[in-house]
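Student: I should like to learn how to read the features of a structure such as the one shown here. Where should we begin?

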Amino acid sequence: MFAISPVQPMLFEQRPIFVKRDDLLHPDFSGNKARKFYHFLSQDYAHITQLVGSGSAQANSLYSMSVLAKQQGWQFDYYVSHISDFILQHPNGNYAAAIANGANIIEVGQLKLADKYQQMHLDDVVQHIVASDYNNKNSLLHIPEGGRCEYAEAGVAILATEIIDWARLRNTKALKVFLPSGTGTTAAYLNKQLLQQQTNNNINIEVLTCSTVGGDDYLRQQFSQLVAQEYFPTIVNDGHKYHFGKLTKRCYEMWQTVCQSGIEFELLYDPVGFLVLKHYLQQHSQWADDIVYVHQGGVLGNQTMLPRYQRKFGYSE
């Protein structure tokens, strides 16, 4: 369904690394969303008429799910905790594209919910809403926030195969695969599949990831809902705690630096990823393993992230 994404060399911190260009997989299902939603695109879901999702109003998954729903002819309800006044007045990026595809974006704060639900995590609130407010359970597909569900493993397994095949062609003996994590779904399933698919054990592949939401303990908790502990990726950090979506000069300057490679990265996860990778490389200056950075797409979100940086810090593109 998707072509094999290319691997492109890049100079980072005065050393060569490689970028797995999953952002080039598909214009509507790029990066980790192409991998996570592969199952739904490749299987028969003729009985489904309603799709329900949740997350932020500018999430990459919002746009990809809106395309999936439009292609399949499904109704699509997407729940968010909050929509900023600026986005409502100036629709752009994933939010605007999803609305154009027919997405019904619902702010849970505007719903009449019991007080106990107001304090719960968005995913838990949406599970309650699905259980209580939707009658067509047999024809409803609910995808948790960020695509964090067992169905995501099928597409990530293909990513693991591509990485192993690439490493074998290069005759690589030791490889680090790095990617920043939100829910940790891609990192967890990727590490599991890389371990399970390496039957001859002639390549030492380690998955490194960092938290962009909630810290390392939160990320381990997310892993535990998906895979056994033996499959947990290695979590690394640079001593900073990153708050999801918070704008910092460090992140913007790192984004500018890596985009000078000629590859456009996204402004939400990748700056944190490269900041942590920079720290890791500084701590392992003698380390000579090949490293592959997985580009997980999401550049459509830059349409709204860049103006936010411009408004806060006065940056120009």
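Tutor: We may begin with a definition: a salt bridge is a side-chain nitrogen of Lys or Arg within 4 Å of a carboxyl oxygen of Asp or Glu. Side chains of opposite charge can pair when their charged atoms come close. In this structure, which is a predicted model, the side chains of Asp-238 and Arg-250 meet in such a bridge, at 3.4 Å from N to O. This pair links distant parts of the chain, with Asp-238 in the loop between β9 and α11 (249–259) and Arg-250 in helix α11, twelve residues apart.

Student: Are Asp-238 and Arg-250 buried or partly exposed?

Tutor: Burial is read from relative accessible area, and buried means under 20%. Asp-238 counts as buried because its relative accessibility is 11%. Arg-250, at 33%, is partly exposed.

Student: How many salt bridges does a search of the whole structure find?

Tutor: The search finds ten salt bridges. One of them joins the side chains of Asp-290 and Arg-170, at 3.0 Å from N to O. Here too distant parts of the chain are linked: Asp-290 belongs to strand β10 (residues 290–295), Arg-170 to the loop between α8 and β7, and their positions lie 120 residues apart in sequence. Asp-290 is buried, with a relative accessible area of 18%, whereas Arg-170 is partly exposed at 38%.

Student: Which side chain meets that of Glu-162 in a salt bridge?

Tutor: The partner is Arg-35, with a distance of 3.1 Å from N to O. Glu-162 is in helix α8 (residues 153–169) and Arg-35 in helix α1 (residues 31–36), so the pair, 127 residues apart, links distant parts of the chain. Glu-162 is buried, with a relative accessible area of 9%. Arg-35 is also buried, its value being 4%.

Student: Which residues are linked with Arg-35 and Glu-162 in a network of salt bridges?

Tutor: Lys-20 and Asp-22 complete that network.

Student: Let us turn to cysteines. How many disulfides does a search of the whole structure find?

Tutor: A disulfide requires a pair of cysteine sulfur atoms within 2.5 Å. The search finds zero disulfides. For Cys-251, the nearest cysteine sulfur is that of Cys-210, 10 Å away. Cys-251 is itself buried, with a relative accessible area of 4%.

Student: Why is the sulfur of Cys-259 without a bond to the closest cysteine sulfur?

Tutor: The closest cysteine sulfur, in Cys-251, is 13 Å from that of Cys-259, which is too far for a bond.

Student: How does one read the burial of a whole helix? Which residues of α10 are buried?

Tutor: One lists the buried residues and then asks where they fall around the helix axis. In helix α10 (residues 216–224), the buried residues are Asp-216, Leu-219, Gln-222 and Phe-223. Viewed down the axis of α10, they fall within an arc of 115 degrees, so they line one face of the helix.

Student: What covers the buried residues of α10?

Tutor: The covering elements include two strands on either side of α9 in the numbering of residues, β7 (174–181) and β8 (204–211), together with α9 (185–197) itself and β9 (234–235).

Student: How should a single buried polar residue be read? Where is Gln-198 placed?

Tutor: One considers its location, its accessibility and its neighbours in turn. Gln-198 is in the loop between α9 and β8, and it is buried, with a relative accessible area of 8%. A polar atom of the Gln-198 side chain lies 2.8 Å from the backbone oxygen of Leu-194. Setting aside residues up to four places away in sequence, Gln-198 touches Ile-164, Ile-203, Asn-204 and Ile-205.

Student: What does Asn-204 touch, not counting residues up to four places away in sequence?

Tutor: Asn-204, which lies in strand β8, touches Lys-173, Ala-174, Leu-175 and Gln-198. Asn-204 and Lys-176 are 28 residues apart in sequence, and their C-alpha atoms are 8.3 Å apart in space.

Student: As a last case, is Thr-304 buried or exposed?

Tutor: Thr-304, in helix α13 (residues 302–313), counts as buried, with 9% relative accessibility. A polar atom of the Thr-304 side chain lies 3.0 Å from the backbone oxygen of Gly-301. Beyond residues up to four places away in sequence, Thr-304 touches Gln-58, Ile-87, Asn-92 and Gly-93.

How values were computed:
Residues numbered from 1 in each chain as written. Predicted model: local features only at pLDDT ≥ 70, side-chain atom pairs only at ≥ 80, totals over all residues. Heavy atoms only, no water. Buried < 20%, exposed > 50% of the residue type's maximum accessible area, 1.4 Å probe, protein only. Helix = DSSP H or I, 4+ residues; strand = E, 2+ residues; numbered from the N terminus. Arc of directions from axis to C-beta. Contact = heavy atoms within 4.5 Å. Polar contact = N/O pair within 3.5 Å; in protein donor to acceptor, adjacent residues only side chain to side chain.
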